[in-house]
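I opened this model to look up how its strands are arranged, what fills its cores, and where its charged side chains and cysteines sit. My notes follow in the order in which I checked things.

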Amino acid sequence: MIHRLAEIKDIEPGIWYEFNLQTDEALISLMLLYQGDKYTAFKNFCPHQGRRMNYSLGKFLVTAEGNLVCPAHGAEFKPDDGLCINGPCLGQSLEPIHIQLNDDSVFAIIP
Ligand code: FES
């Protein structure tokens, strides 16, 4: 299924955004980042204990190096591929979400 997330003009570079999508089966929360002319998205689901990665609505912890930090137990993830490089799920990864663009909008492809 394809879900429209936002207009391209509303996505600021370097900021993680939270989106919650209702599919036929479930409510799916995901995180989107636009950085270096690339959109990256992952399920908002930490591989350690399945907690959400935002600490409040649409707010995420990011290190000075730009890594995403799970607020539950501090796992640290690379923003480009979602690999955990520090913390209790070292070596595991966030689940990627495929992104498509058209002229003015960003879409998520949910399998
Ligand atoms: S649930 Fe994310 S580090 Fe534990």
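**Entry 1: hairpin and first sheet.** I began with the hairpin, in which 4 residues join β2 to β3; strands here are DSSP runs of E with at least two residues, numbered from the N terminus. This is a predicted model, in which local features need pLDDT of at least 70 and side-chain atom pairs count only at pLDDT 80 or more, while totals for chains, interfaces and linings use all residues. I also note that residues are numbered from 1 along each chain as its sequence is written, and that side-chain values use heavy atoms, with hydrogens and water left out.

Between β2 and β3 (residues 27–35) I find 7 bridges, and the two strands run antiparallel; strands count as paired if DSSP finds at least two bridges between them. One pair that I looked up is Glu18, whose bridge partner in β3 is Met31. The hairpin belongs to an open sheet of 3 strands in the order β2-β3-β4, with antiparallel pairing. Its edge strands are β2 (16–22) and β4 (38–43), each of which pairs on one side only. From one strand to the next the twist averages 30°, taken between axes that are lines fitted to C-alpha atoms, with angles running from 0 to 180 degrees between N-to-C directions.

Is β2 mostly covered or not? I find 5 of its 7 residues buried, so I record β2 as mostly covered, where buried means under 20% relative accessible area, exposed means over 50% and partly exposed lies in between (1.4 Å probe, protein chains only).

**Entry 2: second sheet.** I then looked at an open sheet of 5 strands, ordered β5-β6-β7-β8-β9 with antiparallel pairing. At its edges stand β5 and β9, each with a single partner strand, so one side of each is left without a neighbour in the sheet. Strand β8 (residues 76–77) is joined to β9 by 2 bridges, and the two run antiparallel; here the partner of Glu76 in β9 is Asn86.

**Entry 3: cores.** Which residues have the most contacts inside the largest nonpolar core? This core has 17 residues, and the ones I listed are Leu5, Ile11, Phe19, Leu30, Leu32, Ile99 and Ala108; a nonpolar core is a set of buried Ala, Val, Leu, Ile, Met, Phe, Trp, Tyr and Cys residues joined through side-chain atoms within 4.5 Å. At least two residues of this core come from each of β1 (2–7), β2, β3, β4 and β11 (105–109), and β3 gives the largest share, 4 residues.

I followed Ile99 outward, leaving aside its neighbours within four places in sequence, and found it in contact (heavy atoms within 4.5 Å) with Leu5, Leu32, Tyr39, Ala41, Val106, Phe107 and Ala108. A second, separate core has 14 residues, including Cys46, Phe60, Phe77 and Cys84.

**Entry 4: salt bridges.** I count 6 salt bridges, each a side-chain nitrogen of Lys or Arg within 4 Å of a carboxyl oxygen of Asp or Glu.

Glu18 forms one with Arg52, their closest N and O atoms being 3.0 Å apart. Glu18 lies in strand β2 and Arg52 in the loop between β4 and β5 (54–56), so this pair ties together parts that are 34 residues apart in sequence. Glu18 is buried at 15% relative accessible area, whereas Arg52 is partly exposed at 36%.

Lys43 and Glu95 form another, with 3.4 Å between the closest N and O atoms. Lys43 is in strand β4 and Glu95 in the loop between β9 (84–86) and β10 (98–101), so parts that are 52 residues apart in sequence are tied together. Lys43, at 25%, is partly exposed, and Glu95, at 42%, is partly exposed.

Salt bridges that share partners also join Arg4, Glu7, Lys9 and Asp10 into one network. Within it I checked Glu7 and Lys9, whose side chains meet at 3.6 Å, N to O; Glu7 is partly exposed at 29% relative accessibility, while Lys9 is exposed at 60%.

**Entry 5: cysteines.** How many disulfides are there? The count comes to 0, a disulfide being a pair of cysteine sulfur atoms within 2.5 Å. For Cys84 I looked up why: the closest cysteine sulfur, in Cys89, is 3.6 Å from its own, too far for a bond. Cys84 is buried, with a relative accessible area of 2%, and Cys46 is buried, with a relative accessible area of 2%.
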